[in-house]
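Reader: I am new to this structure and should be grateful for a close look at a single part of it. Please choose one part, explain how it is put together, and relate it to what lies around it.

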Amino acid sequence: MASLKVYGDHLSPYLTIVKLVLAEKGIDFQLVPISLYKAEQKTPEFLKLNPWGKVPVMEDEDGPNGMPLVLAGA
Ligand SMILES: N[C@@H](CCC(=O)N[C@@H](CS)C(=O)NCC(=O)O)C(=O)O
């Protein structure tokens with residue numbers, strides 16, 4: 001199982017950008033579906049990951065400091 005999790009919704013163009021970059025780099029990831037339609041990006045659990053309540057979010061359990069990356073442009 002990939003250690004990199006990407007939280008997002010297929011409706012999000014930012015998710016598409018992240019998926020394209022990861023595919024180009026050959027980096028495996030696990031997609032965790034977050035429904036914008038159901039406002040799942042505003043649940044208390046998700047807001048712990050990203051206080052701005054937006055997708056996508058990348059979380060790498062094997063990363064250097066365990067902090068989630070919340071800006072697709074980063
Ligand atoms: N600056 C953020 C923007 C992310 C963003 O705006 N995501 C939209 C979906 S494309 C979102 O989560 N909207 C839900 C909301 O604002 O409640 C990034 O680069 O990742």
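Author: Helices (H or I, at least four residues) and strands (E, at least two) are taken here as DSSP runs, numbered from the N terminus. The model is a predicted one, in which local features need pLDDT of at least 70 and side-chain atom pairs count only at pLDDT 80 or more, while totals for chains, interfaces and linings use all residues. Residue numbers start from 1 along each chain, following its sequence as written.

The part chosen is the sheet, and the chain as a whole provides its setting. Two helices and three strands make up the secondary structure of the protein chain, and their succession along the sequence is β-α-β-α-β. The C-alpha trace spans about 30 × 25 × 25 Å along its principal axes.

The three strands form an open sheet, arranged in the order β2-β1-β3 and with mixed pairing; strands count as paired if DSSP finds at least two bridges between them. Because β2 (30-33) and β3 (57-60) each have a single partner strand, they stand at the edges, and one side of each is left without a neighbour in the sheet.

The two pairings may now be taken in turn. On one side, β1 and β2 are joined in the parallel sense by four bridges. Within this pairing, valine 6 has leucine 31 in β2 as its bridge partner. On the other side, strand β1 (residues 4-8) runs antiparallel to β3, and four bridges connect the two. Lysine 5 is placed opposite glutamate 59 of β3. As a general matter, side chains in a regular strand alternate between the two faces of the sheet.

Strand β3 merits a further look, beginning with the residues that lead into it. Proline 56 belongs to the loop between α2 (44-49) and β3. The peptide bond that runs from valine 55 to proline 56 is cis, and its omega is near 0 degrees.

Within strand β3 itself lies methionine 58. Methionine 58 counts as buried because 20 C-beta neighbours lie inside 10 Å; the limits are 20 or more other C-beta atoms within 10 Å for buried, 12 or fewer for exposed, and partly exposed in between, with C-beta atoms placed from the backbone. Apart from neighbours within four places in sequence, methionine 58 has contacts with Leu4, Val6, Val18, Pro68 and Leu69, a contact being a pair of residues whose C-beta atoms lie within 7 Å. Among these partners is Val6, the residue already met as the bridge partner of leucine 31. Another is Leu69: its C-alpha atom is separated by 5.0 Å from that of methionine 58, although the two residues are eleven apart along the chain.

At the other edge of the sheet, the chain continues from β2 into the loop that precedes α2, where alanine 39 has its place. Alanine 39 shows a positive phi of about 60 degrees, although it is not a glycine. Alanine 39 counts as exposed because it has 11 C-beta neighbours inside 10 Å.

Two totals return the view to the whole chain. Of the 74 residues in the protein chain, 19% are buried. Of the contacts between residues at least 6 apart in sequence, 58% link residues at least 24 apart.
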